[in-house]
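Here is a quick walk through this chain, with the model open beside you. Keep the viewer handy and click along as the residues come up.

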Amino acid sequence: MKQVKSDKRELIFDALGDLMNTVPFKDISVDSIARAAGVAKGTVYYYFDSKEEILDNLIERSYRRAIREYLNSVTSEQTALGRIKQLFRCATAEDFGNKQNLLMTLHLHEDAILHIKLKTVAVQELSPILTVLLEQGIEEGSIKTEYPKESAEIILTTLTVFLDDSRQDDPSIMRKLKIFANVLETCLKTPRGSFDFLFERN
């Protein structure tokens, strides 16, 4: 019975994700989600109170899947700074977009509320990982901070503002990232150039 429930929830998530490839979120209805999922409208409401609740859960599921893939792939980098580099590249949606196309799709929507949701979940989901990496760097001696948890939250909050896909055409973004990289080096007392990858594009 629990498996059926899980399957139907997944169908509803996938349906909304597929619809958002071509339709703005504001134009998607619970009816259209139900049709795309192949379930009754009442079934959608059995699991969720609104399409907004479906979206919230969908974003969380998408980030968790992408983070799980990232964590499973971290084998070549052993140092904290190397792993932070991998995490940041993932978090900018470059790697997330490749591994989990839904996240790239969500970023492309011109919906202020949607972008706020994405930023909030990104900080919530990534902060614990970055905190652990900062703590690893402290043990290695490559990072110095008394507040790894708070530092992680501040770093990710700032990056999600800078790297919002809707603002990528802003020519000042790279300059801001260069300044931010210097700020991180100073605040975390890392070797020079540790965060240059933030403004480098491969």
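## Aromatic rings

Searching the whole structure turns up 3 aromatic pairs. Take Phe195 and Phe197: their ring centres sit 6.1 Å apart and their planes are at 45°, so this pair counts as tilted. Are these two residues buried or exposed? Both Phe195 and Phe197 are buried. Bear in mind as you click around that this is a predicted model.

Another ring to look at is Phe25, which has a lysine for company. Lys51 lies over the face of Phe25, 4.5 Å from the ring centre.

## The overall layout

Zooming out, the chain has 10 helices and 0 strands. Walk along the sequence and the pattern reads α-α-α-α-α-α-α-α-α-α. The chain has 202 residues, and 45% of them count as buried.

How much of the contact map joins residues at least 24 apart? Taking the contacts between residues at least 6 apart in sequence, 63% join residues at least 24 apart.

## Helix 2 and what follows

Helix 2 covers residues 30–37, and its buried residues include Val30, Ser32, Ile33, Ala34 and Ala37. Just past the end of helix 2 comes Gly38, with a positive phi of about 75°.

Ala37 is worth a click of its own. This residue lies in helix 2, and because its relative accessibility is 10%, under the 20% cut-off, Ala37 counts as buried. Which residues does Ala37 touch, leaving aside its neighbours within four places in sequence? Ala37 is in contact with Leu11, Ile12 and Ala15. Arg9 belongs in this view too: Ala37 and Arg9 are 28 residues apart in sequence, with their C-alpha atoms 9.3 Å apart in space.

## Helix 9 against helix 10

Now swing over to helix 9 and helix 10 (residues 172–188), whose axes come within 11 Å and cross at roughly 170°. Why call them roughly antiparallel? The crossing angle is over the 145 degrees that the term requires, so helix 9 runs roughly antiparallel to helix 10.

On the helix 9 side, the residues that meet helix 10 are Ser151, Ile155, Thr158, Leu159 and Phe162. Their partners in helix 10 are Ile173, Lys176, Leu177, Phe180, Leu184 and Leu188. Sorted by type, the residues of this contact come out as 8 nonpolar, 2 polar and 1 charged.

## Phe162 up close

Phe162 sits in helix 9, which spans residues 148–162. Is Phe162 buried or exposed? Its relative accessibility is 15%, so Phe162 counts as buried.

Phe162 is among the helix 9 residues in the contact with helix 10, and Ile173 is among those on the other side. Phe162 and Ile173 are 11 residues apart in sequence, and their C-alpha atoms are 6.4 Å apart in space.

## Helix 10 and the segment after it

Met174 is another resident of helix 10. With a relative accessibility of 27%, Met174 counts as partly exposed. Its C-alpha atom is separated by 8.5 Å from that of Leu198, and the two residues are 24 apart along the chain.

Carry on to the segment after helix 10 and you reach Lys189. What is the phi of Lys189? The angle is near 55°, a positive value in a residue other than glycine. Lys189 has a relative accessibility of 52%, so this lysine counts as exposed.

Key:
Residues numbered from 1 in each chain as written. Predicted model: local features only at pLDDT ≥ 70, side-chain atom pairs only at ≥ 80, totals over all residues. Heavy atoms only, no water. Buried < 20%, exposed > 50% of the residue type's maximum accessible area, 1.4 Å probe, protein only. Helix = DSSP H or I, 4+ residues; strand = E, 2+ residues; numbered from the N terminus. Axes fitted to C-alpha atoms, helices over the stretch in contact; angles between N-to-C directions. Parallel < 35°, antiparallel > 145°, perpendicular 65-115°, else oblique. Contact = heavy atoms within 4.5 Å. Nonpolar A, V, L, I, M, F, W, Y, C, P; charged D, E, K, R; others polar. Phe/Tyr/Trp six-rings, centres within 6.5 Å; stacked < 30°, edge-to-face > 60°. Lys NZ or Arg CZ within 6 Å of the ring centre and 35° of its normal.
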